[in-house]
Amino acid sequence: MSSTTNPSTHHTSTIGAIGAPSRRNTELALLVFAVVIPVFAYANVGLAINNQVPSGLLSYGLGLGLLAGVAHLVVRKFAPYADPLLLPLATLLNGLGLVVIWRLDQSKLLQSIKQAGTAAPRQLLYTAMGIALFIVVLIFLKDHRVLQRYTYISMVGALVLLLLPLVPGLGANIYGAKIWISVAGFSIQPGEFAKIVLAIFFAGYLMVKRDALALASRRFMGLYLPRGRDLGPILVVWFISILILVFETDLGTSLLFFGMFVIMLYVATERTSWIVFGLLMSAAGAVGVASFEPHVKMRVQAWLDPMKEYTLSQAGVGGHSEQSMQALWAFGSGGTLGSGLGQGHSDLIRFAANSDFILATFGEELGLAGIMALLLIYGLIVERGVRTALAARDPFGKLLAIGLSGAFALQVFVVSGGVMGLIPLTGMTMPFVAYGGSSVIANWALVGILIRISDTARRPAPAPASNPDAEMTQVVRP
Amino acid sequence: MSELTLTVMRLGFLAVLWLFVIVAVQVIRSDLFGTRVTQRGARREAARPQQAARQAAAPPQQRGQQSGGGGRQRRNAPTKLVVTEGTLTGTTVALQGQTITLGRAHDSTIVLDDDYASSRHARIYPDRDGQWIVEDLGSTNGTYLDRSRLTTPTPIPLGAPIRIGKTVIELRK
């Protein structure tokens, strides 16, 4: 209205945090809730399968509760301003995963074909190791900016981790994908850890190079074409991810790394052209590899026509997989509200029922309603990660948080999309839920880093420097 | 186990799962509004009805005078003086044509409890056109408008900080 005399005062607004509560008590309340839900589910499975409350109820419940409690106390002590949701959400997913793995352990069918029946105690052990790593991260990583110093060391480390499965004698070819290494009887999936290390490298690299990548470009057909020398790194990363795809036949991991790099590049430079380039390059790479790599080709066929694959597999033709179709049937028979925990037949999927295909069990026994809640919980973790990135005050922390949560989101998308038949199936694990030590441990470390960044981001800002104007008027004159 | 119990447990479990999601979203919601936005423009809007009410309550002849004698000037006139820094932060004084004196002396309109202020430090008064003027009364440490020390009586722009010792005041609508 009458803004002619002094426009400077009219549209100014200041934003300040209100007393920055630490919200640790909210976290504790949610954590109790997140432990009670799996205990309830556990009792439900026992009642449905064996007609009695399972004998391990107390030990599993106390085990999970103890781990969550220790994690909470460490957060309270070492990251008092951290986001209150990340820990309860991760705990709930982990607990639900434990219950469903235990439920699949009870299946007579699965027990008859392999050494099932022991997966749940092992998963609880992995969870303990994961939370131990989470605690180590929180205690020893006092400030996430320290990681910035190890930008190029992380690059080398990530490449070593990715190449380890190809080393003869160390790598193990399990079910057509060479993504495991076996050390002292344990099989480890180095790709899960490489994800975090690579995010550190990308964040450190892009923080330094983002201006060159964003500004030194020509405009062509509405797109910003970057210079060749700036395009170099993205080409190198693309090439490496294609190499992974070819030599380790691991579609998921290569998609994950390339996607994470494109997301971080986009966030660092705000140039849509990177997304266009990224999509084109990943599509070209995937189509190229799928046309001559038999393992990937088979996956694509199973995606395009799962029923045909199922028929061929039932007819005894080798090299075909019946799982894609079985997973779809599991989702279908679950319907809207599911068959109830312990009352489905997803154990018919047999192989990988408790790892890659665990989502099918959720879909059948909890139905659409349960799957949507589960995906929303994943979504909330990603949202808290992005929120952390928004709140972070340093560019490195911003990029690292967005990279980690982007990788997490991509992994959830790639796995659930694969199981539900939206994209070709890839050999990746659903974070926290699926059976697998590397996955659980690496994802707890990921959440630990996010909590560290969010603690720094939400910590109340130090008192502003005293106003220089104040010096003039506060002079004691003789 | 009876069919009914299992059905109840199945539905109950889904309900509990969704309850968790909803509680988590509630926590996010309270987090989203965890910042305080101070909008100068909004405050002006909020002050406007007050001013309008006062105008309506004013005697008719005075209202006529207001609308006649340079209405635009009138509309932009400040209505209150606000202390934004110092021990008196938050104090407001309505501007109704009276002279406001500032200083450590007890009979000042605003008594400054400030070691850097003189007993009769400055005064703020309207001139004949209704423009508010600040004048330094020969204080030791001086009075500053924005960042310049006052030497003569000076008109006060809206929102400009007047600095006296540790105290900062400004005029607002």
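**Entry 1: a pair of strands in chain B**

Which residue in strand 3 of chain B is the bridge partner of B:Leu81? I looked it up, and the partner is B:Val93. Before going further I noted for myself that this is a predicted model. Next I checked the two strands as a whole. Strand 2 of chain B covers residues 80-85, and 3 bridges tie it to strand 3 in the antiparallel sense.

**Entry 2: the sheet they belong to**

I followed the strands outwards and found an open sheet of 6 strands in chain B, in the order 3-2-12-11-8-9, with antiparallel pairing. Its edges are strand 3 (92-94) and strand 9 (148-149) of chain B, each of which pairs on one side only. A reminder from class: strands in a sheet pair through backbone hydrogen bonds, and they can do so parallel or antiparallel.

**Entry 3: a hairpin**

Then I went to strand 6 (residues 122-126) and strand 7 (residues 132-136) of chain B. They run antiparallel, with 5 bridges joining them. I looked up one of the pairings: B:Tyr125 has B:Ile133 in strand 7 as its bridge partner. These two strands make a hairpin with 5 residues between them, and in the turn B:Gly130 has a positive phi of about 90 degrees.

Where does strand 7 of chain B go for its 2 bridges with another antiparallel strand? They lead to strand 10 of chain B, residues 154-155. B:Ile133 turns up again here, standing opposite B:Pro155 in strand 10.

**Entry 4: chain B overall**

I wrote down the tally for chain B: 4 helices and 12 strands. Of its 173 residues, 21% are buried. I also checked how far its contacts reach along the sequence. Taking contacts between residues at least 6 apart, 37% join residues at least 24 apart.

**Entry 5: a helix in chain A**

Over in chain A, I picked helix 9 (residues 251-269) and tested its length. With 19 residues at 1.5 Å a residue, the helix should span 27 Å, and its end C-alpha atoms are 27 Å apart, so the two agree. Is helix 9 of chain A mostly covered or mostly open? Mostly covered: 18 of its 19 residues are buried. Just after this helix comes A:Glu270, with a positive phi near 60 degrees.

**Entry 6: how confident is chain A?**

Last, I looked at the scores. Chain A averages a pLDDT of 82, and 83% of its residues score at least 70. Residues 1-12 of chain A stay under 50, and the model has 15 contacts beyond four places in sequence for them.

Technical notes:
Residues numbered from 1 in each chain as written. Chains lettered and ligands numbered in written order. Predicted model: local features only at pLDDT ≥ 70, side-chain atom pairs only at ≥ 80, totals over all residues. pLDDT = per-residue confidence, 0-100. Contact = placed C-beta atoms within 7 Å. Pairing = 2+ DSSP bridges. Buried ≥ 20, exposed ≤ 12 C-beta atoms within 10 Å, placed from the backbone. Expected span 1.5 Å × (residues − 1).
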